[in-house]
Amino acid sequence: MLIGLVALIVVAILVWRGDILRSGLDPEVPFQTYDPPPAPDYAERSAWALLEETATGEAAVFFVHSTTYDGGDHWNAPIDEPGAEGWLRRSVLPNHAALFARSGAVSVPLYRQASLYTRLTIREDAREARAFAYQDVLAAFDAWLTRNPDGPIIIAGVEQGGELAARLLRERVAPHAGLRARLVAAYLMDAVVPADEYGPDAVLPACRDRAETGCVFAWVQVREMDEEALRRLDRRAMGWTEQGTLELLGHRPYLCVNPVLGAPTERHAEQREHLGGANATDLEWGVRPAFLNRQVSAQCQGGVLRYSRPDSDAFRQTGSWADRRKAASYNLFYADLEADVERRLRAWDQSAAGRSARQSNSDSST
């Protein structure tokens with residue numbers, strides 16, 4: 001009987017392990033009564049993971065990082081939480097922010113990010129925590145614009161960072177003609193954004209051609225045959241309302257710009273077209289990773305980028321249960337995106353907006 005009881009307990013743990021681990025990340029305090037950490041001061045260098053990191057390109061890059069804090073003690077993490085900052089510097093910066101370094105000086109604000117737990121539930125508390133994080137991103141962006149008043153800009157974000165950057169585009173960039181003219185492109189990587197907000201007639205449309213500028217390049221990715229991951233995505237996918245809250249997207253399709261093809265097409269990108277991914281985890285800033293090309297095929301299907309299983313073991317999500325639910329600790333499309341950014345920056349530089357900006361800079365210096 002004892003052996004049977006032990007076996008039953010083991011089976012129960014295996015079946016409900018995810019629920020058990022997820023519940024351990026719940027702060028167990030209503031968000032309405034939660035006392036958040038102190039707000040960052042973006043006039044201070046300590047509020048930035050990177051601040052205008054030296055690069056060869058002429059653009060200024062504003063990058064919003066993905067979820068790095070698991071949860072438990074907080075709905076929104078302090079900016080100096082050691083575990084979260086360690087994951088940011090080991091994984092997120094080298095794999096996702098560094099690809100922009102050849103196109104411009106990269107700035108990455110630390111912000112009171114919503115915890116991983118808020119992305120594993122659709123509770124109202126979790127939605128409020130995710131919306132709360134936006135105020136820091138907005139404050140950082142305005143401080144960054146003060147430091148970068150002219151010239152081409154690139155806005156980028158991964159996962160939670162991409163979704164916060166989407167709201168920034170809607171509320172801060174789209175209404176401002178001057179910022180729209182300066183925008184090379186916005187890259188919302190592995191982020192859920194509704195396609196109907198980026199149609200051809202939108203103020204900020206989806207990128208539809210590799211030489212197009214002032215556009216939005218976004219996708220959310222799920223590996224082929226992983227139907228459970230797709231169901232989880234659809235159950236939890238949310239978008240911003242006009243009031244700045246999050247609501248379930250329901251049947252609204254997601255924007256999918258294929259990172260291999262640089263366009264929102266349903267054409268199947270063959271493995272031979274893949275320029276290369278990289279596992280840059282633990283690389284120091286400024287060290288360019290080795291690329292592994294022809295690793296995956298990719299196709300936008302129903303608004304989701306479905307990609308094939310990579311050939312290399314370098315592209316396997318490892319780490320704890322929580323780590324495997326964060327943005328990937330590698331970048332399958334590193335080389336594809338790096339090339340896309342550089343091409344769009346050249347196109348911006350040759351455009352009327354680029355010529356006007358350069359003329360304005362010349363006038364202000366005389």
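This tour visits the disulfides of a predicted model, one after the other.

Begin by selecting the cysteines that take part in sulfur–sulfur links: the structure holds 2 disulfides, and, when the bonded cysteines are counted along the chain, these disulfides follow the pattern 1-2, 3-4. A disulfide is a covalent bond between the sulfur atoms of two cysteines.

For the next stop, select C207 and C215, and display their side chains as sticks; the two residues form a disulfide in which the sulfur atoms lie 2.1 Å apart. If you then query the torsion about the S-S bond of C207 and C215, you should find a value of about 90°, and the disulfide is therefore right-handed. Add a surface to the view and consider how these two cysteines sit relative to it: both C207 and C215 are buried.

Now move the selection to C256 and C300, which form a disulfide with their sulfur atoms 2.1 Å apart. Here the torsion about the S-S bond is -80°, and the link of C256 and C300 is left-handed. Colour the model by secondary structure to see that this pair links distant parts of the chain, 44 residues apart, with C256 in the loop between β9 (246–248) and β10 (298–301), and C300 in strand β10.

Are C256 and C300 buried or exposed? Since residues under 20% relative accessible area count as buried, C256 is buried because its relative accessible area is 6%, and C300, at 4% relative accessibility, is likewise counted as buried.

Methods. Residues are numbered from 1 along each chain as its sequence is written. This is a predicted model: local features need pLDDT of at least 70, side-chain atom pairs count only at pLDDT 80 or more; totals for chains, interfaces and linings use all residues. Side-chain values use heavy atoms; hydrogens and water are left out. A disulfide is a pair of cysteine sulfur atoms within 2.5 Å. Buried means under 20% relative accessible area, exposed over 50%, partly exposed in between (1.4 Å probe, protein chains only). Helices (H or I, at least four residues) and strands (E, at least two) are DSSP runs, numbered from the N terminus.
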